[in-house]
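The exercises below are meant for a reader meeting this structure for the first time. Please attempt each task before reading its solution.

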Amino acid sequence: ARLADPMPQVRLAAIEALAFIRTPEAWDALAAAATATGDPDQQRAALAGLGLHDREAAVDLLVAGAASPDPATGLVALSALAPARSPRALAALVEAVRDPSRELRDAALSLLGERDDRAAAAALVELALEAAADDPVHATLSQPGAARVGAIADRLAHAHATDALTLVSALARMHTAEASTILIQTLDAADPAVRRAAAAGGAGGVGGAGVVAPI
């Protein structure tokens, strides 16, 4: 009933409360508010609330919200969508990283970097391989983490020389023992161009956790 209150603050509070109520009626009201474009503040509050629901229908609504022509609404939807492990949620994040809008791109890249799952790490690897050398995606891929190290190792197994240099450079910038181990293993790759990339990347980027090639 408070969704029809004349005071906007009351309507927003009602939407925020509905996000915590697990009944069909509360869900229907929240979903309706998330798709209503008459009041952007209410729509954004509803989209944020949908992030608390672990259901595919919430992902559907958030993906639609992320495509909103209103930048603020799109950012709210992306933030709510980012933790979801649905492939469609990850695809929406990747699409936003490729968006021409710098604000949306930076936000999506930051949200993708906060995830610690292998699927998100693999997506970061592919984004880095298609990006220019000065693109911020390289710094995000270089953030230490087991999932990113594993995804890079998997991609190195069938990378050509140019891609290998990008990948080993990311490992070298991590400065971790785990990343250094993969670099050492890459020195034994069958492709000599990949071995050269591993040697160049390791020598140029690893500091205290240095890569020490076996003698």
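Five exercises follow, each with a worked solution.

The model is predicted, so local features need pLDDT of at least 70 and side-chain atom pairs count only at pLDDT 80 or more, whereas totals for chains, interfaces and linings use all residues. Residues are numbered from 1 along each chain as its sequence is written, and side-chain values use heavy atoms, with hydrogens and water left out.

**Exercise 1. The nonpolar core**

Task: Determine how many residues the largest nonpolar core has, and which helix gives the most to it.

Solution. Step 1: Fix the terms. A nonpolar core is a set of buried Ala, Val, Leu, Ile, Met, Phe, Trp, Tyr and Cys residues joined through side-chain atoms within 4.5 Å. Buried means under 20% relative accessible area, exposed means over 50%, and partly exposed lies in between, with a 1.4 Å probe and protein chains only.

Step 2: Apply them. The largest such core has 64 residues, and those with the most contacts inside it are Leu-50, Leu-78, Leu-112, Ile-152, Leu-156 and Leu-171. Helix α8 (residues 118-129) gives the most to this core, namely eight residues. Helices here are DSSP runs (H or I, at least four residues), numbered from the N terminus.

Step 3: Examine one member. Beyond its neighbours within four places in sequence, Leu-156 is in contact (heavy atoms within 4.5 Å) with Ala-164, Leu-167, Val-168, Leu-171, Ile-182 and Thr-186.

Step 4: Set this in context. In soluble globular proteins, nonpolar side chains tend to be buried together.

**Exercise 2. The faces of helix α2**

Task: State which residues of α2 are buried and what they pack against.

Solution. Step 1: Describe the helix. Helix α2 (residues 24-35) has 12 residues and reaches 17 Å from its first C-alpha to its last, close to the expected 16 Å. The expected span is 1.5 Å times one less than the number of residues.

Step 2: List the buried residues. These are Ala-26, Trp-27, Leu-30, Ala-31, Ala-33 and Ala-34. Viewed down the axis of α2, they fall within an arc of 160° and so line one face of the helix; the arc is that of the directions from the helix axis to the C-beta atoms.

Step 3: Recall the geometry. An α-helix has 3.6 residues a turn, so residues three or four places apart point the same way.

Step 4: Compare the two sides. The buried residues of α2 pack against α1 (8-18), α3 (40-50) and α4, while Pro-24 and Glu-25 are exposed on the other side.

**Exercise 3. The surroundings of His-53**

Task: Decide whether His-53 is buried or exposed, and find which backbone oxygen its side chain reaches.

Solution. Step 1: Locate the residue. His-53 lies in the loop between α3 and α4. With a relative accessible area of 9%, His-53 is buried.

Step 2: Identify its partners. The side chain of His-53 reaches the backbone oxygen of Ala-19 at 3.1 Å. Apart from neighbours within four places in sequence, the contacts of His-53 are Ala-19, Ile-21, Arg-22, Trp-27, Leu-30 and Ala-58.

**Exercise 4. Salt bridges between distant parts**

Task: Find how many salt bridges the model has, and which elements Asp-60 and Arg-88 belong to.

Solution. Step 1: Count. A salt bridge is a side-chain nitrogen of Lys or Arg within 4 Å of a carboxyl oxygen of Asp or Glu. By this rule the count comes to 15.

Step 2: Place the pair. Asp-60 and Arg-88 form a salt bridge whose closest N and O atoms are 2.3 Å apart. Asp-60 is in helix α4 (residues 56-66) and Arg-88 in helix α6 (residues 87-97), 28 residues apart.

Step 3: Add a second pair. Arg-118 and Asp-154 meet in a salt bridge at 2.6 Å, N to O. This pair links helix α8 to helix α10 (residues 146-156), across 36 residues.

Step 4: Look for a network. Arg-85, Arg-115, Asp-116 and Asp-117 are linked in a network of salt bridges. Within it, Asp-116 is exposed, with a relative accessible area of 63%, whereas Arg-85 is partly exposed at 46%.

**Exercise 5. An unusual phi**

Task: Establish where His-175 is found and what its phi is.

Solution. Step 1: His-175 is in the loop between α11 (161-174) and α12 (177-186). Step 2: Although His-175 is not a glycine, its phi is positive, about 55°. Step 3: His-175 is partly exposed, with a relative accessible area of 41%.

Notes
Helices (H or I, at least four residues) and strands (E, at least two) are DSSP runs, numbered from the N terminus. A polar contact is a pair of N or O atoms within 3.5 Å; within protein, one must be able to donate a hydrogen and the other to accept it, and residues adjacent in sequence count only if both atoms are side-chain atoms.
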